[in-house]
Amino acid sequence: MTSRSTLRAWLGGLDAPQLARVLGIRKDAAVPPEPRSVEELSERLLRPGSVALVLPQLPLPCLQTAEALAASGTPMSRGALARALGATASTATRELDGVLETLADHALVWPDSDGRLHMAEPLRQAWETPLGLDAPLEELLEGVTSEELRGMLAALGIKPPGTRQQRTAAVLEHHGDPQRVASVIAKAPSAARQLLERRAKSAPRETEFIMFGTPETASRPDQRWALDRGFLVRNRHGYGPARMPVEVTLALRGPDWHAPFAPVPPAPELVSVPAVEVDREAAAAATAFAAHAASLLSVCSAAPPARLKSGGIGARELARIGKAAQADDAVVRITLEIAYSAGVLAADGDRVAPTAAYDTWAAQEPAARFAELLHTWWNLQFTPSQARDEDNKALPAVAGAPPCGGCLQARRGLLAAAATLAEGQGVKAATDLGPLVAWHRPLAHPSFHDETPFAAAVREAELMGVIARGALSRLGAALQTGDTEELTAACRLLLPEATDTARLGGDLTAVVTGTPSARLAEFLDATAHREISGAASVWRFSADSIRRALDAGHAPDEISVELTAIADGALPQPLSYLIADAARRHGHVRVAPAACVIHADEPTLLAELAAHRGLSALGLRQLAPTVLVSDSPPDKTLAALRDQGYAPVAEAPDGTVRIEKVPPRRAAAVPAPRKAATKAGTGRSTYRAAEPSAAADSYAVLARLLTAPPTAPDPDPFGTGVPFGTDTEEIVAGYAKQLTYTDVRQLCHAIDTGMAITVEYVAASGSRTVRTLSRLALDPPYLEAWCHLRDAERVFTLSRVHGVMPA
């Protein structure tokens, strides 16, 4: 039976609770709670996208079991699978049963009526070479000629039969005996034996580029020995890498080899941690982060950070914001990325400014504000604290990082790992959770610069209070449920309410214990300098801070009344004296805007100019009997005065009268043509000047222009409206604005045909690299591909591709 028919048969035999369990796990795949029929449910579960949703959420033993099933190529019995995984002991067998039950709950693996295990076809295709095994020998020999088969048999010491079919059968028979294969390889030259053993332990290479399109006819002696005996096989044209048949790989791995199977997670060193201590540390971390976040966004509201030309907030602006809010770089980046993703911040021209949602957010209690930030962080598909890229170049914040499902799973796997610890137990060091994350979410992505596995995810969780004392906190447990109301309730238990009072000291400080309310923080930021933020915040008053408040329109009495209202005691005398002294000195010197100054010896003349209606557009204002200032520049002021019949003169910066004589304009001299020099004795010139052509007949020129055939413009989808060659070209051209039409066509050809391509790519940090890409997959506005520079799967933004070249 096919996978679809066996799935239908298996689903039809489930009882109501079992079917409900399958449906409950498939909520994210949009399976209806009550499917119309088993047929409809099976069709939905076999879609490729459904496997992509579930696979990253599975722990390591589930993936290992699925890979072993994929490597077999055919349905296996439960016993055969246990032998393939080396899980024949009673304990391991029970653990394997639990893994198969988990896979069945996700409708990825199911048994048929004979007990053989089937798997969904999309899951089988998740591995190109499961367990590092290449194709069977029979498949690889399809491209080998009869003469080459005769040579293989002769090299193996077997008399070649007459027909190609018989020769193929003879090679298959020889390589089908693992002991014979191992015996021949054991007697091979040392270099050839080491090559084959090394290839048997690693996955086959997927791509090998041949320069200038010529086949690799000459191989190294060790490879040549293996090729001559069929232990490595190259295709019929000699292109591509030499491939090792699965029979040879298994023979070299030996009869005791089995697929890896780790049903038990690693055991980190644990310590006793009372729940009250976990809550206490989580509350301190969450309170400090909430206070820092409020301060950071307040700084962004007062002075929105500038955006780089390439997008995002650069290091200089990040340092300014962090210094103003007294927060380190990680907290600044996490807060800005969360706020940007939540819509609290948004790009506004060349700035990143708070939106209207910021005012609503700032007016809430600290618990509600922090719950919103925490929920957004939980669903981010990138690592917000990452400050450098894979090339160790500085990354701007809020630059629009491409989605990374592995980064999201690192966060989910961290909480899943911490949730497995017994109550009252925690790891000795939070970084010890890294290996557990790798077991619970093997497809998760660590950060590029993690010193220990998943150190960035652990650090973020500690800063947010999700992980405390090496254990899962109340906040982390609420996050795992996915219930926003439960998360908000947990935040209310751990975070104190906002306070509206401050302790004002005689040393001109204001100390706020806990999280200040938005109104209190805004007023203290306007009248004092913030020195410390966190569980307790400290502001310091100074002459400059009071002067800044007066400049913003606050009256001295208003400042004193407001401070008295927020103080938990009497207003300190030094602070009262500071306010009074700043108010007494404020405004004694005034600075008026002026584009130019008009002065004269006759006060009556200047009074006449100031009252003249015809000069009202100049914005004249009298500062002294003999001094006027104008809002217009000097040239415009001079012209207006002269239009009204006055005779003003312009002054130079040194006070002398400026001479307005304009020198006559002259054209640049054109050098006369040089006379041609002649060679001695020849009379021939080495250079001959062009002779003036006869005057052209204008009527003849016009006639030629009118009778000339029209020239059609070259096809150009960017300007003439000529249709694109393919839909892929139209999509790519809409995002890759830096590419010419020729580059767009070349890139799209590589996408459509599966060919490799070389691109010039500008990363978010501004660094420019040249990368060769293969296995291209278009996901606008991104391009997923295998990067040969990094030897890993990477996601590229199409707008950052600045050039395309053949691979």
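Below are some exercises with worked solutions on a predicted model of a protein chain.

**Exercise 1. The chain as a whole**

Task: Find how many helices and strands the protein chain has, what share of its residues is buried, and what share of its contacts comes from residues 24 or more positions apart.

Solution: Start with the secondary structure, where the protein chain has 34 helices and 20 strands. Next, turn to accessibility: of the 807 residues, 41% are buried. Finally, take the contacts with a separation of 6 or more; residues 24 or more positions apart account for 60% of these.

**Exercise 2. The nonpolar cores**

Task: Describe the largest nonpolar core, say which helix gives the most to it, and then look at a second core.

Solution: First, the size: the largest nonpolar core has 72 residues. Those with the most contacts inside this core are L336, F370, L374, W377, L414 and M464. Helix α16, residues 275-302, gives the most to this core, with twelve residues. A second core is separate and has 32 residues, among them L55, L58, L69 and A120.

Now zoom in on L336. Leaving aside residues up to four places away in sequence, L336 touches C300, I313, L318, I321, L345 and V398.

**Exercise 3. Rings and their partners**

Task: Classify the aromatic pair of Y761 and F796, place its two residues in the chain, and find which arginines lie over the face of W257 and W377.

Solution: A pair of aromatic rings is described by two quantities, the distance of the centres and the angle of the planes. The structure holds four aromatic pairs. One of them is formed by Y761 and F796, with 5.1 Å centre to centre and 85° between the planes. Because planes over 60 degrees apart count as edge-to-face, this pair is edge-to-face.

Then look at the position in the chain. Y761 is in strand β16 (residues 757-762) and F796 in strand β19 (residues 792-797), so that the pair, 35 residues apart, links distant parts of the chain. Both Y761 and F796 are buried.

For the charges, go to the tryptophans. R253 lies over the face of W257, at 4.6 Å from the ring centre. For W377 the arginine is R411, at 5.3 Å from the ring centre. W377 has come up before, among the residues with the most contacts inside the largest nonpolar core.

**Exercise 4. The surroundings of D112**

Task: Decide whether D112 is buried or exposed, and list what its side chain reaches.

Solution: Begin with the place of D112, which is in the loop between β1 (109-111) and β2 (117-119). The relative accessibility of D112 is 11%, so D112 counts as buried. Its side chain reaches the backbone nitrogen of G115 at 3.0 Å. The side chains of D112 and H118 are joined by a polar contact of 2.9 Å. As a last step, consider S77, 35 residues from D112 along the chain: the C-alpha atoms of the two are separated by 9.8 Å.

**Exercise 5. Three salt bridges**

Task: Take the salt bridges R775 with E128, D228 with R224, and E390 with R790, and work out where the partners of each lie in the chain.

Solution: The total comes to 24 salt bridges.

- In R775 with E128, the closest N and O atoms are 2.8 Å apart. R775 is in strand β17 (residues 768-779) and E128 in the loop between α8 (121-124) and α9 (137-140), so this pair ties together parts that are 647 residues apart in sequence. R775 is partly exposed at 32% relative accessible area, whereas E128 is exposed at 53%.
- In D228 with R224, the closest N and O atoms are 3.2 Å apart. Both residues lie in helix α14 (residues 221-228), four residues apart, about one turn of the helix. D228 counts as partly exposed at 32% relative accessibility, and R224 as partly exposed at 34%.
- E390 and R790 meet in a salt bridge of 3.4 Å, N to O. E390 lies in the loop between α20 (366-378) and α21 (405-419), and R790 in the loop between β18 (782-787) and β19, so this pair ties together parts that are 400 residues apart in sequence. E390 is partly exposed at 22% relative accessible area, and R790 counts as partly exposed at 26%.

One step remains for E390 and R790. Salt bridges that share partners join E390, D391, R771, R790 and R794 into one network.

Terms used:
Residues numbered from 1 in each chain as written. Predicted model: local features only at pLDDT ≥ 70, side-chain atom pairs only at ≥ 80, totals over all residues. Heavy atoms only, no water. Phe/Tyr/Trp six-rings, centres within 6.5 Å; stacked < 30°, edge-to-face > 60°. Buried < 20%, exposed > 50% of the residue type's maximum accessible area, 1.4 Å probe, protein only. Lys NZ or Arg CZ within 6 Å of the ring centre and 35° of its normal. Core = buried A, V, L, I, M, F, W, Y, C linked by side-chain atoms within 4.5 Å. Contact = heavy atoms within 4.5 Å. Polar contact = N/O pair within 3.5 Å; in protein donor to acceptor, adjacent residues only side chain to side chain. Salt bridge = Lys/Arg side-chain N within 4 Å of Asp/Glu carboxyl O.
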